[in-house]
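Trainee: I would like a close look at one part of this protein. Please start with a single side chain and its neighbours, then work outwards from there.

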Amino acid sequence: MPGEGYRILLGCRRRSEVLRACRLTFDQIAGVFALDHQVSPLRLYRYAHGRTAGDVVAAYNDLDPAGTATLRAARFYDYEAWPQAGRRPGAGAIAIFARIYQTTARRLVTDEVYASYGVRDRDLIDQTDHRHLDAHYRREVSAPAIPGTKGTKALPPLVPAPTLCADLLRAVGAEEADVKRRELLFELALLLGGTPALGLLRHLTPPERERLAVAARHQHPIDAATIDVLERLTARLWAMDEASGPQRVLPIAEAKRVMVDDLLKRGSLTSPLRERLLRLYWSLSHMTGWCHFDLRDYAVAARRYAEGLTAAHELRAPALLAHLHGLAAYMALYEKKPTVAMDHVFAAEGWARESGNPLQQAATSIQVARVISSTRRDHGGLRLLDRATDLAGAKPNDPNLRHLFWLTQDRVASYGVFCLLELKQPDRAITEAERRLARMGADSVRERGILQLEYATALIQKREIPEAVAVIGQATNIITTHSSERLAKSVRQVRARLQPWAESRHVRDLDERLRSLAIVSDV
């Protein structure tokens, strides 16, 4: 390393040590160094960590998921020099550097560099977040909700504040280079909840964005192609929810629900188009209800489910009625309201039977099994799950059952872990949990966390404490990047089961980890 560069690094290393002693995060330290050093974010973060290029190159090669990395110092310096000189790093490389520097990938690229990546690369950069590796990072625990709800942070208003508009303008500038398309993207992002919507809208072609804007402006009657776009965006929202949680999804889903409600009020809709829009409104009520439940905002979740039930009645769709009654039962069970849960599952059973659809009957049987196992401690729940597993093997025969995209035989069987825990059968629960976790794909983020916590509960019932603590730690890693408050509460509940072993080394280490991530304030 040249003498001047090494002298700068040593000075930054000393300052970083002082700032870390004051409990500043690496993000904050990089921000401080940016005042004195006009260099790329990659170099700023290296200064914040006090690392030489050789240190970073070695760490990078160790972390490459393919195990084939051959990064050399010369290429690394090219990456740090970009865009003034050198070479642009790939999005995959930026993701690895984010892990090394314990930050988000987005913080490692300027707006100019970010705009130069393709759609999929920007998705990867947006989704990569390793701030939980920073010992001084504190996870945000506030959750969004609609204006007026208690105890949570409100969603952005329909007319955003000037500061929010300024943030959105900056983000749109990095997203789209063309001025006219930038204006259209800004308009659509405002319509769909602000900056979080950009990750969704980037997957639309310019003509599709224009079509959506025309519909929102009431400049042209709604057509089937516009509804196609809205349905595709809704499907992407479900994937976003599973990957990162409701905090990112809810503002978009609520804004989109308002938009669809507005479209439904037009008098120029044909009967088939109105039915499709009404099904979309049901889907968004389903989604927003689920997100509010995941944020433990039960009152608003119940309201959204009720509004979805109203839409399902208008559609005369028994399967949709059964599904929302099933979800309402699941939420009531979570709230410790067994009587309400029983009422909803009885209604769900009746509507599922009337639908005649095996997949919906399977989904409903899952909820009935949960309620029976929890409230009656009845082995009939396990028999219901066996039946649901058989039903889930049926091929979809109704294009209107898109809400059951997740339903597979393997996934149905995994819900038996909850029932087995309620029936105090930890050995079977452990076997089933291990089988499902081994087969689970990388895209099942929240499901993996919930199943890991159920697995840990079974291990605690067996008094296998070190193993249980290790599994809870794995679930905790998910919580650092997923905004499900329900998942965070489940961690606290499972930790409470460990209280008899609170003085053991394993549990003390877990408690420190949970406190550092603001999952618990004290144990």
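Mentor: Start at histidine 323. Setting aside neighbours within four places in sequence, histidine 323 is in contact with Trp282, His286, Gln360, Ala363, His403, Leu404 and Trp406. This is a predicted model, so read each contact as part of a prediction. Histidine 323 sits in helix α17. Is histidine 323 buried or exposed? Its relative accessibility is 6%, so histidine 323 counts as buried. The cut-off for buried is under 20%.

Pick out one of those partners, Ala363. Ala363 also appears among the contacts of leucine 407. Leaving out residues within four places in sequence, leucine 407 meets Leu359, Ala362, Ala363, Ile366, Ala392 and Val412. So what does leucine 407 belong to? Leucine 407 is part of the largest nonpolar core, which has 64 residues. Leu407 and Leu498 have the most contacts inside that core. There is also a second, separate core. That one has 62 residues, including Ala189, Leu204, Leu269 and Tyr298.

Go back to His286, another partner of histidine 323. The next number along the chain is methionine 287, which is found in helix α15. Methionine 287 is at 0% relative accessibility, so it counts as buried. What does methionine 287 touch? Apart from residues up to four places away in sequence, methionine 287 touches Thr234, Leu237, Trp238, Val249 and Ala253. Now compare sequence with space. Methionine 287 and glutamate 254 are 33 residues apart in sequence. Their C-alpha atoms are 9.0 Å apart.

Follow helix α15 to its end. Helix α15 covers 271-294, and α16 covers 298-315. Arginine 296 lies in the loop between them. Its phi is near 60°. That is a positive value in a residue other than glycine. Arginine 296 counts as partly exposed because its relative accessibility is 32%.

Now leave α17, the helix of histidine 323, at its far end. Helix α17 covers 318-334, and α18 covers 338-355. Lysine 336 lies in the loop between these two. Lysine 336 is not a glycine either, and its phi is positive, at about 65°. How is its accessibility classed? Lysine 336 counts as exposed, at 67% relative accessibility.

One more loop has a backbone point to check. Proline 83 is in the loop between α5 (73-81) and α6 (91-101). The peptide bond from tryptophan 82 to proline 83 is cis. Its omega is near 10°.

Look next at another histidine. Histidine 220 lies in the loop between α12 (206-216) and α13 (224-244). Histidine 220 has a relative accessible area of 46%, so it is partly exposed. Beyond residues up to four places away in sequence, histidine 220 touches Val214 and Arg266. Pair histidine 220 with valine 417 for a longer distance. The two are 197 residues apart along the chain, and their C-alpha atoms are separated by 51 Å.

Turn to the cysteines. How many disulfides are there? The count comes to 0. Cysteine 12 is in no disulfide, and its nearest cysteine sulfur, that of cysteine 22, is 16 Å away. The cut-off for a disulfide is within 2.5 Å. Cysteine 12 is buried, with a relative accessible area of 2%. Cysteine 22 is in no disulfide either. Cysteine 22 counts as exposed, at 54% relative accessibility.

Now step back to the whole chain. The protein has 27 helices and 2 strands. Its radius of gyration is 25 Å, close to the 24 Å given by the globule rule for 523 residues, so the protein is as compact as a globular protein of that length. The C-alpha trace spans about 80 × 65 × 45 Å along its principal axes. Buried residues make up 53% of the 523 residues. Among contacts with a separation of 6 or more, 65% join residues 24 or more positions apart.

Last, check the confidence. The average pLDDT is 87, and 92% of the residues score at least 70. Where does pLDDT stay under 50? It does so over residues 141-159, for which the model has 38 contacts beyond four places in sequence. Where pLDDT is low, the predicted coordinates should not be read in detail.

Note on methods: Residues are numbered from 1 along each chain as its sequence is written. Side-chain values use heavy atoms; hydrogens and water are left out. Helices (H or I, at least four residues) and strands (E, at least two) are DSSP runs, numbered from the N terminus. Buried means under 20% relative accessible area, exposed over 50%, partly exposed in between (1.4 Å probe, protein chains only). Contact means heavy atoms within 4.5 Å. A nonpolar core is a set of buried Ala, Val, Leu, Ile, Met, Phe, Trp, Tyr and Cys residues joined through side-chain atoms within 4.5 Å. pLDDT is the predictor's confidence in each residue, from 0 to 100. The radius of gyration is taken over C-alpha atoms; the globule rule is 2.2 Å times the number of residues to the power 0.38.
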